[in-house]
Amino acid sequence: MAVLRAALAIHPGRDRYLSPAELARNLDRFAQDYGAGLDAGNLDRCYLALSRLLATLRCGHSYANFFNQSDAVAKALFDRPTRLPFHFEWIGAAMVVTADHTGTGVLPRGTQITAVNGVPSGQILARLMPYVRADGHNDAKRRSLLGVRGNATIETFDVFQGLLLPPATGRHALDAILPDGRRTQIEVPAIGLAARRATMIRLPASSDEPRWSYQVRSDGIAVLTMPDWGMWNSKWNWRSWLADRLDDAAHARGLIIDIRRNEGGDDCGDQILARLVDRDVMNWPFSSRVRFRTVPASLADHVSTWDDSYRHIGEGGADLGHGWISLPQTHAPQPVRPDAKRLTLPVAALIGPANSSATFGFISAARASGKITLFGEPTGGNRRGINGGGFFFTRLPGSGIEFDLPLIGYFPPTPQPDAGIMPDHLVPQTAATIAAGTDPVMQAAAAWIATA
């Protein structure tokens, strides 16, 4: 508890959505649940208690990161034969199949799963949501994270479904509505981590192969698909690859940038913006603040980071009062400056609730620049500001569970709604479009370019 309290004392989003009294109540509940888990040697209970506590901060970067756990913790928590053998999206409270991996074809694309092991799908969603990270009350982001698409080696839904709603046997009993309207009951095997990873459609983060794709359609419109911007583990020269494609796009009728599944990572979108803008533009139209100058001694031995300058991130910053320190210039976001090679064609970006970190910043800058038209659904993130920029990987003694602690708070200059960024053209996904295999967002963007 001492380590956790020290971490929360420097969390820049601690008070954004919680009053001190609410935080105190949440900490008391956590202490009871986590302590009971430690006493019983129940790592599941400890992990769930921590996940639920962090979710109450309503910070999309504060969670017990699946990918930063020790091998022993990860194996104990995540390597279980409890998973559903298909990919799916949440459309509201409906679980809609996008890919059948049973090997039998019993779940055609567009099938709606109405219950799993007797639990209605809407109740499953409601049971898992309190454990899932997102900024503010942006529940569309939480639903997005709880979809299973083959985009991650560990899926959020699989973790919490496996801990909270595992099958009683090695099989799942499904109630379903097929795309033709027929109701049916189907039994399918529960699968493990290795089987889930075998269905991945995205290259792993460590791959040195190109992670994005580019093609010019028959109508002359170029499409740049970028499902991920996390490039820190890859040796792929993405800057050179992207520069070549943007050179080619100069000859296209228009450019569509598909980042709907892209949560963020590096600021890869800056290179695109630089080709479009004729003036400096900021990715982050927020003021940046931190809560500490030097990492507290009580926390120092329990955190790690990829950049040790974060341990002194507030040194040299001005005192803003109420415990806040301005972010020194060495860590402050820099504007995107115009590139000498300009693109003057119509540009559309396809966006959605997954966009919550670097892609949220890109979309914010795109809107401010007036150079990119947005199609799709509201983003993740939050116009009220987010937290991130630098992190301490904080490990709790006793259980050894790690959680990500963001260090920089980004705050808007004027009051903003508790919501993501709305697209210029709202084009929602539906169960019918999933069943038909159509892409109305892409179609809408292409139709706009054709008349631009």
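1. A word on terms before we start: Ala, Val, Leu, Ile, Met, Phe, Trp, Tyr, Cys and Pro count as nonpolar, Asp, Glu, Lys and Arg as charged, and the others, Gly among them, as polar. By these classes, the lining of the largest cavity has seven nonpolar, two polar and one charged residues. Please keep in mind that you are looking at a predicted model.

2. To find that cavity, look for Ser51, Tyr63, Ala64, Phe66, Tyr131, Val132, Arg133, Leu145, Thr156 and Phe160, which line it. The space inside the largest cavity comes to about 60 Å³. The structure holds one cavity of 30 Å³ or more.

3. Next, a visit to strand β15, residues 373–376. Is this strand covered on one face or on both? Both faces are covered: Thr373 and Phe375 are buried on one side, and Leu374 and Gly376 are buried on the other.

4. What are the partners of β15? One is strand β14 (residues 347–351), which pairs with β15 in the parallel sense over four bridges. Within this pairing, Ala349 stands opposite Leu374. To get from β14 to β15, the chain passes through helix α12 (residues 358–369), and this β-α-β crossover is right-handed. Another partner is strand β18 (residues 425–426), parallel to β15 and joined to it by two bridges. Here Gly376 of β15 stands opposite Leu426 of β18.

5. Helix α4 (residues 71–78) is worth turning around on your screen. Its buried residues are Val73, Ala74, Leu77 and Phe78. Why do they count as lying on the same side of α4? Because they cover an arc of only 95 degrees around the axis. On the other side of α4 you will find Asp71, Ala72 and Lys75, which are exposed.

6. Now for some backbone angles. Most residues other than glycine have a negative phi. Asn117 is not a glycine, yet its phi is positive, at about 55 degrees. You can locate Asn117 in the loop between β3 (112–116) and β4 (119–120). With 33% relative accessibility, Asn117 counts as partly exposed, because that class lies between the buried limit of under 20% and the exposed limit of over 50%.

7. His322 also deserves a look: this residue, not a glycine, has a positive phi of about 60 degrees. The loop between β12 (319–321) and β13 (324–326) is its place. Is His322 buried or exposed? His322 has a relative accessible area of 80%, so it is exposed.

Conventions:
Residues numbered from 1 in each chain as written. Predicted model: local features only at pLDDT ≥ 70, side-chain atom pairs only at ≥ 80, totals over all residues. Heavy atoms only, no water. 1 Å grid on protein atoms, 1.4 Å probe; cavity = no way out; pocket = protein on both sides within 12 Å on 5 of 7 lines; lining within 4 Å. Points joined across faces, edges and corners; volume = space filled by probe spheres on them. Buried < 20%, exposed > 50% of the residue type's maximum accessible area, 1.4 Å probe, protein only. Pairing = 2+ DSSP bridges. Right-handed = clockwise from strand over helix to strand, strands pointing away. Arc of directions from axis to C-beta.
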